[in-house]
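Welcome! Please take a look at the sequence and the model, and then work through some short exercises on how side chains meet.

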Amino acid sequence: MYYLVCFICSLAILVWIISNERKLGTNAILVAFVTVIGDAGYYALASSTSLNEALLSNELIYTIGLFAPMLFFFNICDICKIHLYTKTKIVLYLIQIVLFLSACTAGQLDIFYKTVEFHYGPYGGYLIKTYGFAHTLYLISLAFYFIISIAISFKYSRKKNVVSARDVDILIFLYFLMFSAYAVERLIHMKVELMPFIYTIGIFGILIPVVKIANYAIETNPEILEGELKDTGLIVLSNKLLFMDCNENAFNLFPELKQWEKEEKIPGNGGRFNTFLRQDLMKYVESGAEDSMAGKEFTMQEEDYYLEFSRLHKGKKAIGYLIKFTRKNG
């Protein structure tokens with residue numbers, strides 16, 4: 001029953017991701033997809049009645065064990081706005097595919113499992129195995145993705161204008177949770193597998209920053225990107241006036257934005273933002289208007305700009321504010 005609940009929960013998350021009106025990205029879909037397959041494998045293993053059934057179920061389980069850590073890493077790169085070259089991704093995929101194929105040799109070759117036996121206990125079917133050299137390579141891959149993901153998370157915890165400190169805390173917590181759960185399973189030899197539950201919690205946790213990026217990031221919002229942005233600056237705030245994102249033109253015109261922390265309130269004094277934009281922004285917020293509102297024109301660096309405020313929507317729900325300023329002679 002426990003494994004079935006994990007499978008249903010992960011399947012519900014996958015359906016929600018696919019049907020979400022904001023596109024959450026291929027990596028988010030894939031990590032949910034392999035989690036569904038892996039959770040189905042855990043349920044199938046517990047329901048197995050023979051060694052052949054158990055080995056087939058075990059292959060499904062390794063889709064999550066081998067591909068989920070890599071896909072979590074890819075999601076972390078997306079969240080931290082790290083661009084991975086296509087060739088790099090291909091190499092990483094190929095390595096995991098080779099390891100997965102070696103896991104599929106269990107019961108036939110001794111490269112992944114030297115020996116494997118099927119047993120049935122009070123919690124269902126399970127395998128007792130001794131490990132081959134390919135399983136050691138699998139453990140190395142787990143350690144690699146754990147270390148590199150934690151390193152990236154800690155590194156970007158200092159770049160708070162790139163990624164929210166809250167998001168970094170979530171990422172670090174998720175990876176330590178996964179690593180700890182796996183270590184506990186290996187050391188204690190628990191009767192019930194923790195990983196189906198942990199990975200299901202993991203995809204839910206990784207969705208928190210992914211959804212925020214889909215909602216607030218400029219590059220993922222078609223309604224923000226409409227029109228020519230060469231001479232346009234954009235700043236996105238949440239409903240609580242927390243800083244969420246801005247484009248390069250905004251950085252150039254208001255350099256203090258580079259010091260702002262994501263998901264923190266905008267500083268109350270100093271800087272060009274407070275001189276040129278804050279007063280009009282507060283008037284717009286206090287008016288409670290849902291339609292866009294043009295503010296005053298302002299001149300900066302010998303250039304004249306139109307200023308406009310509008311609400312940012314997800315479907316019919318207002319989720320934040322968009323500040324747009326466009327160079328008049330652009």
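The exercises below concern a predicted model, and each comes with a worked solution.

**Exercise 1. Two rings in two helices**

Work out how the rings of phenylalanine 146 and phenylalanine 176 are arranged, and where in the chain they lie.

Solution.
- Step 1: A pair of aromatic rings is described by the distance of the centres and the angle of the planes.
- Step 2: For phenylalanine 146 and phenylalanine 176, the centres are 5.5 Å apart and the planes stand at 90 degrees.
- Step 3: An angle over 60 degrees counts as edge-to-face, so that is the name for the pair of phenylalanine 146 and phenylalanine 176.
- Step 4: Phenylalanine 146 belongs to helix 5 (residues 133-156) and phenylalanine 176 to helix 6 (residues 165-188), so the pair, 30 residues apart, links distant parts of the chain.
- Step 5: Phenylalanine 146 has a relative accessible area of 15% and is buried, while phenylalanine 176, at 38%, is partly exposed.

**Exercise 2. Another ring pair**

Classify the pair of phenylalanine 254 and phenylalanine 273, and decide whether each residue is buried or exposed.

Solution.
- Step 1: The ring centres of phenylalanine 254 and phenylalanine 273 are 6.4 Å apart, and the planes meet at 75 degrees, so the pair is edge-to-face.
- Step 2: Phenylalanine 254 sits in the loop between helix 9 (248-253) and helix 10 (271-276), whereas phenylalanine 273 is in helix 10, 19 residues away.
- Step 3: Phenylalanine 254 has 0% relative accessibility and counts as buried; phenylalanine 273 is also buried, with a relative accessible area of 0%.

**Exercise 3. Rings in company**

How many aromatic pairs does the structure hold, and which residues do ring pairs link into a cluster?

Solution.
- Step 1: The structure contains 24 aromatic pairs.
- Step 2: A cluster arises where ring pairs link Phe72, Phe146, Tyr175, Phe176, Phe179 and Tyr199.
- Step 3: Rings can also have a charge over them, and lysine 89 has its charged end over the ring of phenylalanine 74, 5.5 Å from the ring centre.
- Step 4: Likewise, the charged end of arginine 311 is placed over the ring of tyrosine 321, with 4.2 Å to the centre.

**Exercise 4. Looking for a disulfide**

Why is there no disulfide between cysteine 6 and cysteine 9?

Solution.
- Step 1: The closest cysteine sulfur to that of cysteine 6 belongs to cysteine 9 and is 6.7 Å away.
- Step 2: A disulfide needs the sulfur atoms within 2.5 Å, so the sulfurs of cysteine 6 and cysteine 9 are too far apart for a bond.
- Step 3: For the structure, the count is 0 disulfides.
- Step 4: As for accessibility, cysteine 6 is buried at 5%, and cysteine 104 is buried at 19%.

**Exercise 5. A network of charges**

Trace the salt bridges that link Lys81, Asp245 and Lys262.

Solution.
- Step 1: Side chains of opposite charge can pair when their charged atoms come close.
- Step 2: Aspartate 245 and lysine 81 form a salt bridge, with 3.3 Å between the closest N and O atoms.
- Step 3: Aspartate 245 is in strand 4 (residues 243-246), and lysine 81, 164 residues away, is in the loop between helix 3 (51-79) and helix 4 (86-103).
- Step 4: A salt bridge also joins aspartate 245 to lysine 262, at 3.7 Å from N to O.
- Step 5: Lysine 262 lies in the loop between helix 9 and helix 10, 17 residues from aspartate 245.
- Step 6: Aspartate 245 is buried at 4% relative accessibility, lysine 262 is buried at 10%, and lysine 81 is partly exposed at 42%.

**Exercise 6. A bridge between buried residues**

Find the distance between glutamate 263 and lysine 212 in their salt bridge, and say where the two residues lie.

Solution.
- Step 1: The closest N and O atoms of glutamate 263 and lysine 212 are 2.5 Å apart.
- Step 2: Glutamate 263 is in the loop between helix 9 and helix 10, and lysine 212 is in helix 7 (residues 195-216), 51 residues apart.
- Step 3: Glutamate 263 and lysine 212 are both buried.
- Step 4: The whole structure has 4 salt bridges.

**Exercise 7. The surroundings of one isoleucine**

Which residues is isoleucine 13 in contact with, leaving aside its neighbours within four places in sequence?

Solution.
- Step 1: Isoleucine 13 is part of helix 1 (residues 2-19) and is buried, with 13% relative accessible area.
- Step 2: Beyond those sequence neighbours, isoleucine 13 contacts Thr200, Ile203, Phe204 and Leu207.

Note on methods:
Residues are numbered from 1 along each chain as its sequence is written. This is a predicted model: local features need pLDDT of at least 70, side-chain atom pairs count only at pLDDT 80 or more; totals for chains, interfaces and linings use all residues. Side-chain values use heavy atoms; hydrogens and water are left out. Rings of Phe, Tyr and Trp (its six-membered ring) pair if their centres lie within 6.5 Å; planes under 30 degrees apart count as stacked, over 60 as edge-to-face and the rest as tilted. Helices (H or I, at least four residues) and strands (E, at least two) are DSSP runs, numbered from the N terminus. Buried means under 20% relative accessible area, exposed over 50%, partly exposed in between (1.4 Å probe, protein chains only). A charge sits over a ring if NZ of Lys or CZ of Arg is within 6 Å of the ring centre and within 35 degrees of the ring normal. A salt bridge is a side-chain nitrogen of Lys or Arg within 4 Å of a carboxyl oxygen of Asp or Glu. Contact means heavy atoms within 4.5 Å.
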